[in-house]
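Thanks, everyone. Let me put the model up, and then I will walk through charges, cysteines and a few backbone oddities.

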Amino acid sequence: MHEILTASQMRQCERAEIESGAVTGLELMERAGESVVTAIFSRWPDPGPSQAVVLCGPGNNGGDGYVIARLLAERDWTIACYAYGDPTRLPPDAQTNHDRWMQIGAVLPWDDAAIEDRIDEMEGGLVIDALFGTGLTRPMPDDTAKTWRGIYPRRFSNPSGPRPRFVAVDIPSGISSDSGRNLGGAFPADLTVSFHRAKCGHYLDPSDGPDRPGGGASMRGDLIVTNIGLPQDAPPGAAQLIDRPSNFLMKQAGHKYSHGHALVLSGGAGKGGAGRMAARAALRIGAGLVTLACPPKALAENAAHLDAIMLNALPDAYSLRGMLGDDRLNALCLGPGLGMARAQEMVPAALWGKRATVLDADALSAFAEDPSVLFGQLHADCVLTPHPGEFNRLFPDLAEKLSGDDPTYSKLDATREAAARAGCTVLLKGADTAIADPDGRVALHSATQDRAAPWLATAGAGDVLAGLIAGLLARGFKPFDAATSAAWLHVEAARSFGPGLIAEDLPEAVPQVLRALMAQG
């Protein structure tokens, strides 16, 4: 995993280095512009006619744009450079680069209609978006709407045809770099070039309805993160991006009990599919033993489907407490197909046992009327795995903040607050899955762009994820590590299988993923 930053954290990194005297803001701006040009020609060695429209904003992002315009002109490119706002009011470093550009080229005043026309006429070359960068917290101004009209349809309706390539400097203008929210009128990009670290908004992808057609992960295109010479130490509290699982996924030695015994609770007759999928996932990811505990009337049904997974009749919570007298049962999974009434009875007994416990689906919804009843019983070895609807029922105030007026409040923030309140690890599902623990650690797995797995939008996929977490808990993984590794595996299994996936396929795809990891060393 590596860090992803908020706008404030990135400014903190830059400010600390400038204040130390190791670099000036002007030097960082020059490095940023150079890195964008290098990234462009790495991505497109021949981007078509040597022409570029460079859109420069009223802040330091605009200063980067003036550097890029100058460097492209030095390659004999024809540049049309448009300034949004009054160039005389630029910050000092941006003003310096504006003046340097003025020595070799013109700065055109902002003209929304003229920019749209110019983009419409281009059959190649580049449009550089250096308007607003990471600091924007409001919708795009009205006088950028025609420019948006020149970019948006061409980016999505003609992805590979004769048209300019759209490049965002740091983040597409109109996207919150903290939450990924489309603030309204955001410019999409084919390529986003960011500096030092990716930003949270590059990987978060909130959906805000048809008037906001895409969040940061959808709008950024390819992402290249460049080194501009800042120290690599991450600021405190930075979120982690999950790009690989734990190094301890592979079994090394031992016998079945040394890899744990997971207990999955199942619902009644005709309701056992979800529990069986969770149990199979736990076994596939390496739990030494897995037992499915179901009501006595469901034993025959489950026995007809299971071989390697053991079965146990579990009529009531008293019986569960009795089972937990066996210390070798070291991980529990409750929720998939459990049923609301059975969940209300079994969850307290499971939590009484103080085992590592995954609570999913019905085990969460059963406490929607008074979540504090659940929170009062949780312990640090629990993992809650709500989807957005379940999260809304358990944490209604946080869900309201997430959809509220503050565009910088992100899914990562909400999950971190939820984990602190619950006193355990919380995994908030979605294409951008956020995971936090009560100590404040937070991580993101983003199944977007080249890790997109749309086939996971299928019934039962979440049950498999719960089982993967339970299996890793049984093997001794800490809750946060189990959740982050399982999130990666879940998506990687779906990508390995491909289109046509149904939830039953996911556990069977896990061995192929593990073999690939072994081959990579």
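Start with Arg70, which is found in helix α3. Helices here are DSSP runs of H or I with at least four residues, strands are runs of E with at least two, and both are numbered from the N terminus. Before going further, a word on the source: this is a predicted model, local features need pLDDT of at least 70, side-chain atom pairs count only at pLDDT 80 or more, and totals for chains, interfaces and linings use all residues. Residues are numbered from 1 along each chain as its sequence is written, and side-chain values use heavy atoms, with hydrogens and water left out.

Back to Arg70. Its relative accessibility is 11%, so Arg70 counts as buried. The scale is this: buried means under 20% relative accessible area, exposed means over 50%, and partly exposed is in between, with a 1.4 Å probe and protein chains only. Across the chain from Arg70 is Gln103, 33 residues apart in sequence, with a C-alpha separation of 9.6 Å.

Next, Arg100. Arg100 sits in helix α4, residues 92–102. At 32% relative accessible area, Arg100 is partly exposed. Arg100 pairs up in space with Val67: 33 residues apart in sequence, 8.3 Å from C-alpha to C-alpha.

Now salt bridges. The rule is a side-chain nitrogen of Lys or Arg within 4 Å of a carboxyl oxygen of Asp or Glu. How many salt bridges does that rule give? The count comes to 20.

Take Arg155 and Asp190. Their side chains meet in a salt bridge at 3.3 Å, N to O. Arg155 is in helix α6 (145–157), and Asp190 is in the loop between β6 (165–169) and β7 (191–195), so this pair ties together parts that are 35 residues apart in sequence. Buried or exposed, Arg155 and Asp190? Both are buried.

Second example: Glu508 and Arg280. The salt bridge between these side chains is 2.6 Å, N to O. This pair links distant parts of the chain, with Glu508 in helix α20 (505–520) and Arg280 in helix α9 (273–284), 228 residues apart. Glu508 is partly exposed at 34% relative accessibility. Arg280 is partly exposed too, with a relative accessible area of 35%.

Third example: Glu492 and Arg451. They form a salt bridge, with the closest N and O atoms 2.6 Å apart. Glu492 belongs to helix α19 (479–497), while Arg451 is in the loop between β18 (442–446) and α18 (461–474), so the pair ties together parts 41 residues apart in sequence. Glu492 counts as buried at 18% relative accessibility. Arg451 is buried as well, at 15%.

There is also a network. Glu30, Arg70 and Arg100 are joined into one by salt bridges that share partners. So two residues from the start of this talk come back here: Arg70 and Arg100.

On to unpaired charge. Which residues gather in a patch of negative charge on the surface? They are Asp111, Asp117, Asp120 and Glu121. A patch takes residues with over 30% relative accessible area and no salt bridge, joining like charges within 9 Å, and nonpolar side chains (Val, Leu, Ile, Met, Phe, Trp, Tyr) within 5 Å. Glu121 is found in helix α5, residues 112–121. Glu121 is exposed, with a relative accessible area of 63%.

Cysteines next. The structure holds 0 disulfides, a disulfide being a pair of cysteine sulfur atoms within 2.5 Å. Cys294 is in none; the nearest cysteine sulfur, in Cys333, is 14 Å away. Cys294 is buried, at 0% relative accessibility. And why does Cys424 have no bond to Cys382? The sulfur of Cys382 is the closest cysteine sulfur to that of Cys424, but at 5.3 Å it is too far for a bond. Cys424 is buried too, with a relative accessible area of 0%.

Last, two backbone points. Asp76 is not a glycine, yet its phi is positive, about 70 degrees. Asp76 lies in the loop between α3 (60–73) and β3 (78–83). With 68% relative accessible area, Asp76 is exposed. Gln449 is the other case: a residue other than glycine with a positive phi near 50 degrees. Gln449 is placed in the loop between β18 and α18. Gln449 is partly exposed, at 31% relative accessible area.

Key:
Areas by Shrake-Rupley, 256 points an atom, 1.4 Å probe, with all protein chains shown as cover. Lys, Arg positive; Asp, Glu negative; His and termini not counted. Charge placed at Lys NZ, Arg CZ, Asp CG, Glu CD.
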